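Let's take a walk through this chain together, one region at a time. Have the sequence and the 3D view open side by side as you read.

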Amino acid sequence: MSVDNVRGFVELGQVDFVPSNTVRLLARPEIVGVITASHEIAGTRRFDVFHDGENHGYFASQIELVKTTPKEASISGSALRTGLTSELLRDKNTSYLHARNAGRIDYEPYQFRPVLKIVQADRPRILVADDVGVGKTIEACLVLKELQARQRARTVLIICPKPLVVDEKWRNELKRFDEDFVHLSGADLQFCLEESLREGEWPSRFAKAIVPYSLLDERLLLGSDTKRGARRPGLVDLAPGPHFDLVIVDEAHHIRNRPTFAYQNVQRLTESAEAVIMLTATPLQTDSKDLFTLVNLLRDDLVPTERDFAQMLEPNEHLYAAVEAARGGVNGWQFDVGDALRRALATGWGHQVMNVDPRVGQITDLLAEDPTDAVSRVRVVRALEDLNTFSAIVTRTRRRDIGTFTMRKPSAPLVDFTPEQETVYDAVLELCGRIVARQAPGMSIEFLLSMLRRQAASSISGLAPLIQQMLENRLDKVEFSEIGEDVPDSIPQFMQALREDVRALGRMAASLDGLPDPKVDVLQQLVADKQLEENNKILVFSTFRHTLKYLEEQAESWGIRVAVVHGAIPDEDRHAFRRRFKLAKSNPEAIDLMLCSEVGTEGLDYQFCDTLVNYDIPWNPMRIEQRIGRIDRRGQMSESVAIINILTRGTIEAEIYDRCLIRIGVFHRALGGSEKILGDMTTELRKIGEDLTLSATDRNERLRQLADNEVARIQEMERLEDQQSSLLGLTTESFESRVSEASSEWLEDDKIGDLVRSYFAEILPERRIALSAGKVATVRLDEVAAARVSADLRAAGGDPRIERVLRRKPVVLKVTTNAELADTDDVELLGATHPLVLVSSQHAALANSPTVALRAQSNLVAPGTYPLAIYSWTRFDSRDSMTLRYISTSPEVEAAAGGLLAVALDADSNAFVSRAETDALDERHHTEWEYARETHVARATASAKQRVASLRAQRDRQLSTVELQATNVSEPNIVRMRESELSNIQDKFDRLIAQHERAIAGSDLVTKRLAVVVLEVVKP
């Protein structure tokens, strides 16, 4: 208990202390406890003081008496509202979502699906298998911020492919959430292992780290010998393995094969982790061993064997039918639900496991209620969805599940080369053909030839500078990686024998400078037409920087305000260009035309723009989808978006578009779940497109056949996906309502802003902080105020980044609750996990259940004056959870209380709740509490007993299996691995069993009254 969190404490100085006195330490006033006993020692009395869960001994000179003053007569409505926000922020067990507004992203309700499943799980581990483009990385970051808000994410490890480390994609995404992670090198990882072995915990300076799969090798697992004969430890030497609060495993299909070192290392890195998230875009197939491998690695306590996996799937088909019947709600729906539920319970898993699940009894009771009661029917749907055997550990959101954001309207203007351009293009093809005929080129030369041909198709006017750059060996790795997939590891160079031919081609291409260009003329007309509209923005994509440079020069000559973003443009410039691109065309700072590469737009969304031009077409359909996804996303205000693909007749690019890409539908709808198919298709497209021995007729026929095959594969995959969704419980219909229920009005952006404003008003009473929705507030702190904020930050755990700002002269904080406005590093985004918000919550805590007099207008409640009590209810279980509970003698007031309190104004401060009204509120609260407690304890105890029995059986089975495998094994590495496995199994199951045994012994529902409100309701 902290004195800082309790108002009204007064010091009474030295007195005679007696048991039951509340005292605090003179040296640490925040430590408060209760005297339980005293002892005479050498003429001096020592007192036993109970705090922090145990007795401590102090002498009289070390403590002082504290005593609470009488209860506050009343507080204002604003103090009540900030107090309720404070209560939810400070309670780490709250049932409400904290991660909203935790990052500089657009809020998407479906992205909180994994967050909810993680925080509501008894063991927070989940496989996220969303389509490409849905936002798996953002979902993982939201889980991280949610666990941080609950003080459960101090140590975090991210495992991902090496390219995501090299390109810093994870680090850049995390920066949007004010998170700074370090990349682990091989030496860093070895240091962490040695420190963990020596100190018993992962080193704090690498508490938030990213490691590539490439380091998860044999040496990491088994250790290795140095040249001097010393031995470096491996993961098998740590028993149990290193503990992390959260491990994120990206592209988890890399560990689908058990014998690999990647799998075995991930197994040990996750075994002792508190929470684990695995991310994969691979479609889920229940008949594949890959899915079993992943869910077994996540939850071997639930899915220990393939036989169990198959049995767990059996009831889900019937549960899905029950959900559909309940959702339909037609006459006789209760009979249909009951019949499907009985079929589910008749399966092997249903008979052995589900029959004793308390949720089955809950569903049976609900089916006996009025069939026309919509509330009961929704509760049946929810309970059935939760009963699905995989719903808690697997989640998948497909693009088509979350709806179409807008209608795509593709078009493809076709232009012809001028005679001069065609001569150059033919020369490119002829040169490439001669080179192929002269030698068998390796991958590096093939890639350079492909670059030449694709640049010529993109913009033949960009060909000359590209050739010059090639000849001078000035291609940089970032630019190289922008061009496409399967690039060589090193930047290739033309062989000396080819350089003169290439140089001659460059001279031909340079002769086009200043000559007519039909393709750019089409773009000029599109831009001119768009400038006549109120929304005049156009987003133009090209793979090639020389094309972008050429278009920039052309646009400037047209008098258009233009900007270019690609991989070499600094982040701050990219964000600044986006802000200007969003400005209305009447603003003199606005940009009309944005020229981009895919890399240049990573992490940036442009849903305010409704026209996209592909100046060239990637051969990979997923890259096309990434482009279109920049404007076809939630928040797009236009009913349709224009996707304009400018093509040049006679190029391979035009043939690929016409014969293949347009037919598979990538320009008409998102194909997110087809990543594997589209990846295979990209490989085949590249083979066909780069095969210079094919005639035009042969090439067109092969492209047609490829499109036919891939369309059929996509349709079959989508049919199978629908089947898998029913078996895995991946329904999405009720999800948004679940997110809504887990959201509290007291954690909305405006309430967070009010909380921080009240804090600054306390330390800067002479100033008014204009922190309002849609604005950036500037807070100037004098030296005294800055020192106060810094001290408060350190008391709350500290934050180096904010403290650095507070050391500047002068101290100026820019803060907002609007993610759109927090797109620069100097603007603080105030969300529930922000350090300034957490500090503010410490200073707004409600104390001594104050009384509040309020007046609200409403048509939902009859006019009158109503007493209202606000409680926190905390359910003790294997994972505790706290909710707010409003108690009134009027059911209408209880139902509308949250909304009424949010808008109520202060009323007569002398109003009070009479003794009779207090008794009525207490009686009503006791009735509600008694029923809720009885229901909760019964369900929690039954569920915990079932889990403990299951866990013990699984533990014994796994220990027996590993012990049997260890019999007659003599190879030292295998012996050490088996010993490590045994230790890890024992440790893991002991922790899980203890967690659920706590629920058996300690299930309860405890309450705390936060405030009493005298609420006057008047007509609007």
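A good place to start is an open sheet of 5 strands, which run in the order β29-β28-β31-β27-β30 with mixed pairing. The edges are taken by β29 and β30 (905-906); each has a single partner strand, so one side of each is left without a neighbour in the sheet. Helix α34 (residues 915-966) packs on this sheet and touches β28, β29 and β31 (1004-1018). Its direction makes about 30 degrees with that of β28. Keep in mind that you're looking at a predicted model.

Now zoom in on β28 and β29. Strand β28 covers residues 864-876, and its pairing with β29 is antiparallel, over 8 bridges. The two strands make a hairpin, with 4 residues between them. If you'd like landmarks for the pairing, find W873, whose bridge partner in β29 is T883. Another is R875, which sits opposite S881 in β29.

Is β29, as an edge strand, enclosed or left open by the rest of the structure? Of its 8 residues (881-888), 7 are buried, so β29 is largely enclosed by the rest of the structure. Having one side without a neighbour in the sheet goes along here with that burial, and α34 is among the elements that touch β29.

Next, move to a pair of helices. Generally, two packed helices are described by the angle between their axes and the distance between the axes. For α2 (residues 113-120) and α3 (residues 136-149), the axes come within 8 Å and cross at roughly 40 degrees. Because angles under 35 degrees count as roughly parallel and 65 to 115 as roughly perpendicular, α2 is oblique to α3. The crossing is right-handed. On the α2 side you'll find P114, V115, I118 and V119, which meet E139, L142, V143, E146 and L147 of α3. Sorted by class, that contact has 7 nonpolar, no polar and 2 charged residues.

One more stop: R699, in helix α27 (residues 696-728). Is this arginine buried or exposed? R699 has a relative accessible area of 9%, and because buried means under 20%, R699 counts as buried. Its C-alpha atom is 8.6 Å from that of E655, although the two residues are 44 apart along the chain.

Finally, step back to the whole chain. There are 35 helices and 31 strands, and 53% of the 1020 residues count as buried. Among contacts with a separation of 6 or more, 77% come from residues 24 or more positions apart.

How values were computed. Residues are numbered from 1 along each chain as its sequence is written. This is a predicted model: local features need pLDDT of at least 70, side-chain atom pairs count only at pLDDT 80 or more; totals for chains, interfaces and linings use all residues. Side-chain values use heavy atoms; hydrogens and water are left out. Buried means under 20% relative accessible area, exposed over 50%, partly exposed in between (1.4 Å probe, protein chains only). Two strands pair if DSSP finds at least two bridges between them. Axes are lines fitted to C-alpha atoms, for helices over the stretch in contact, and angles run from 0 to 180 degrees between N-to-C directions. Angles under 35 degrees count as roughly parallel, over 145 as roughly antiparallel, 65 to 115 as roughly perpendicular and the rest as oblique. A crossing is left-handed if the near helix is turned anticlockwise from the far one by less than a right angle, and right-handed if clockwise. Contact means heavy atoms within 4.5 Å. Ala, Val, Leu, Ile, Met, Phe, Trp, Tyr, Cys and Pro count as nonpolar, Asp, Glu, Lys and Arg as charged, and the others, Gly among them, as polar.
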